[in-house]
Amino acid sequence: MADESTREAAPERPASAPGEGGSSRPSGPRPGGGPRPGGRPGGPGREGGRKFFRRKKVCKFCTEKIDNINYKDVRLLSGFVAESGKIVPRRLTGVCTPHQRRVTEAIKQARNIALLPFASGR
C-alpha cells in the first residue's frame, strides 16, 4: 500500500525543463518493442551507407613470399615497432600468427644487439 501512495504522488510533481537534470524520457521497454528507429543498434543510419570500407588485412610476408625474417633488416623491423618502442600487435599490422612470432623474435634479437631501441628517445 505504501508503494501505491508514492506512485500517485509522483505525477503531481512539476515537470522539470530539459537540461535541469530531470529525465523526460519514459523508462522501460520501447512501445512496439522492436529495434531502434535507425535500423542499427548504434543510432540512426547514414544516408550513403557505410562511411568507411575497411579492407581485410593480408599478411605482408605471405603475399611477398618472404620465408625468413632477418634480425639485421632494421628497415623492415622498424615498421613493426611503434614510436614508443612497443611491438605493434598483429590486429593492427595484419601479419599472420606464425610470421608475427618470427617478427617478434627478430625485433627482440635486434634490440639485444642495439640495432633497435628498447624504448622511445624521450
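Is cysteine 59 buried or exposed? I looked this up before anything else. Cysteine 59 counts as buried, at 6% relative accessibility. I keep in mind that this is a predicted model.

**Cysteines.** Next I checked for disulfides and found zero in the structure. Why is cysteine 59 without a bond to cysteine 96? The two sulfurs are 3.6 Å apart, which is too far for a bond, because a disulfide needs the pair within 2.5 Å. I then looked from the other side. Cysteine 96 is in no disulfide either, and its nearest cysteine sulfur is that of cysteine 59.

**Arginine 111.** I turned to helix H5, which spans residues 97–112 and holds arginine 111. Arginine 111 is buried, yet I found no salt bridge for this side chain. Which side chain of opposite charge is nearest? I found glutamate 105, 10 Å away. I also listed what arginine 111 touches, leaving out residues up to four places away in sequence. The list has Val81, Gly85, Lys86 and Ile87, then Leu116, Pro117 and Phe118.

**Whole chain.** I counted five helices and two strands. Along the sequence I read the pattern α-β-β-α-α-α-α. How much of the chain is buried? I noted 18% of the 122 residues. The accessible surface comes to about 10,700 Å². Carbon and sulfur atoms account for 52% of that surface. Last, I looked at contacts between residues at least 6 apart in sequence. Of these, 59% join residues at least 24 apart.

Technical notes:
Residues are numbered from 1 along each chain as its sequence is written. This is a predicted model: local features need pLDDT of at least 70, side-chain atom pairs count only at pLDDT 80 or more; totals for chains, interfaces and linings use all residues. Side-chain values use heavy atoms; hydrogens and water are left out. Helices (H or I, at least four residues) and strands (E, at least two) are DSSP runs, numbered from the N terminus. Buried means under 20% relative accessible area, exposed over 50%, partly exposed in between (1.4 Å probe, protein chains only). Lys and Arg count as positive and Asp and Glu as negative; His and the chain ends are not counted. A salt bridge is a side-chain nitrogen of Lys or Arg within 4 Å of a carboxyl oxygen of Asp or Glu. Contact means heavy atoms within 4.5 Å. Accessible areas come from the Shrake-Rupley method with a 1.4 Å probe; for residues, only the protein chains shown count as cover.
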